[in-house]
Amino acid sequence: MHIALIVALATSGFSPALAEDWSGAYAGFSFGYADADGPNGSSGSDTSFGPHLGYDFDFGKFVLGGELEYNRLSLNLGQGEGSLDSMTRLKLRGGYDFGNALGYVVIGAARVDSTVENDTAAVYGIGVAYPIGNNFVISGEALRQNFNDVTRSNGGLDSNVFNLRTTFRF
């Protein structure tokens with residue numbers, strides 16, 4: 001009897017709610033890891049963090065939405081090439097509702113602010129969102145950006161950002 005009570009309490013308090021409708025506004029915070037490879041062997045990695053907000057439209061099994069995200073960085077590239085201070089992204093998200101999770105792809109534009117130069121490039125990636133309760137979502141994303149002329153050598157810079165996100169849906 002005690003085991004049945006423990007199992008019932010554990011599954012009722014911590015079981016994810018099925019996401020029947022992804023439509024609506026959301027806001028949250030991300031924490032992650034960023035790495036970048038630039039010219040002349042320059043590279044670096046650092047933690048990233050910042051807010052995001054967006055809106056999704058649920059079309060049954062297909063979900064489409066837009067999002068604005070800001071990541072604060074302090075990523076030193078070394079080799080005298082400068083550092084990356086922040087990235088701002090405007091993203092279009094499209095995904096499939098698997099019932100208890102949303103798998104999605106991302107495309108959009110990313111703006112990097114560096115100590116040398118700022119640049120805008122395409123961003124693309126993948127993510128998965130998992131609802132916990134009615135309004136709380138945890139998710140993860142892997143994003144890729146390829147910038148030009150943001151280092152002292154004016155060479156290209158390839159960057160990857162991996163974010164774990166917490167989101168509140170309104």
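## A salt bridge to start with

Let's begin with two charged side chains: Glu69 and Lys91 meet in a salt bridge, with 2.9 Å from N to O. Glu69 sits in strand S3 and Lys91 in strand S4 (residues 83–97), so this pair ties together parts that are 22 residues apart in sequence. You might look for such charged residues on the outside, but Glu69 and Lys91 are both buried. Keep in mind as you read that this is a predicted model.

What makes such pairs possible? Side chains of opposite charge can pair when their charged atoms come close.

## Arg165 and its two partners

Now click on Arg165. One of its salt bridges goes to Glu67, and here the closest N and O atoms are 2.7 Å apart. Why does this pair tie together separate parts of the chain? Arg165 belongs to strand S8 (residues 157–169) while Glu67 belongs to strand S3 (residues 62–76), so the two parts being joined are 98 residues apart in sequence. Both Arg165 and Glu67 are buried.

Arg165 also meets Glu141 in a salt bridge, at 3.6 Å from N to O. This one links distant parts of the chain too: Arg165 in strand S8 and Glu141 in strand S7 (residues 136–147) are 24 residues apart. Once again both partners, Arg165 and Glu141, are buried.

## From pairs to a network

How many salt bridges does the structure hold? The count is 11. Several of the residues you have just met also belong to a network of salt bridges, which links Asp56, Glu67, Glu69, Arg89, Lys91, Arg93, Glu141, Arg165 and Arg169.

## The barrel around it

Time to zoom out. In this model, 8 strands close into a barrel, in the order S1-S2-S3-S4-S5-S6-S7-S8, and their pairing is antiparallel. From one strand to the next, the twist averages 25°.

Here are a few of the strand pairs, one at a time. S1 (residues 24–37) and S2 (residues 43–59) run antiparallel to each other over 14 bridges, and Asp37 has Ser43 in S2 as its bridge partner. S2 and S3 pair in the antiparallel sense over 9 bridges, with Asp58 standing opposite Val63 in S3. S3 and S4, the strands of our opening pair Glu69 and Lys91, pair in the antiparallel sense over 13 bridges. There, Leu68 has Leu90 in S4 as its bridge partner.

## Arg169, a network member up close

Another member of the salt-bridge network is Arg169, which is found in strand S8. Is Arg169 buried or exposed? Its relative accessibility is 9%, so Arg169 counts as buried; the cut-off for buried is under 20%.

Which residues does Arg169 touch, leaving out those up to four places away in sequence? They are Trp22, Ser23, Gly24, Ala25, Tyr26, Asp56, Asn135 and Val137. With Asp56, the side chain of Arg169 makes a polar contact, side chain to side chain, at 3.5 Å. Folding also brings Arg169 and Tyr55 together in space: they are 114 residues apart along the chain, yet their C-alpha atoms are separated by 9.1 Å.

## Turning the corners

Finally, let's see how the chain gets from one strand to another. Most residues other than glycine have a negative phi. That makes the loops worth a look. Asn40, a residue other than glycine, has a positive phi near 55°. Where is Asn40 found? It is in the loop between S1 and S2, and that hairpin has 5 residues between the strands. With a relative accessible area of 57%, Asn40 is exposed.

Gln79 gives you a second case: its phi is near 55°, again a positive value in a residue other than glycine. Gln79 has its place in the loop between S3 and S4. At 58% relative accessibility, Gln79 counts as exposed. The hairpin of S2 and S3 has 2 residues between the strands, and there Gly60 takes a positive phi near 90°.

Conventions:
Residues are numbered from 1 along each chain as its sequence is written. This is a predicted model: local features need pLDDT of at least 70, side-chain atom pairs count only at pLDDT 80 or more; totals for chains, interfaces and linings use all residues. Side-chain values use heavy atoms; hydrogens and water are left out. A salt bridge is a side-chain nitrogen of Lys or Arg within 4 Å of a carboxyl oxygen of Asp or Glu. Helices (H or I, at least four residues) and strands (E, at least two) are DSSP runs, numbered from the N terminus. Buried means under 20% relative accessible area, exposed over 50%, partly exposed in between (1.4 Å probe, protein chains only). Two strands pair if DSSP finds at least two bridges between them. Axes are lines fitted to C-alpha atoms, for helices over the stretch in contact, and angles run from 0 to 180 degrees between N-to-C directions. Contact means heavy atoms within 4.5 Å. A polar contact is a pair of N or O atoms within 3.5 Å; within protein, one must be able to donate a hydrogen and the other to accept it, and residues adjacent in sequence count only if both atoms are side-chain atoms.
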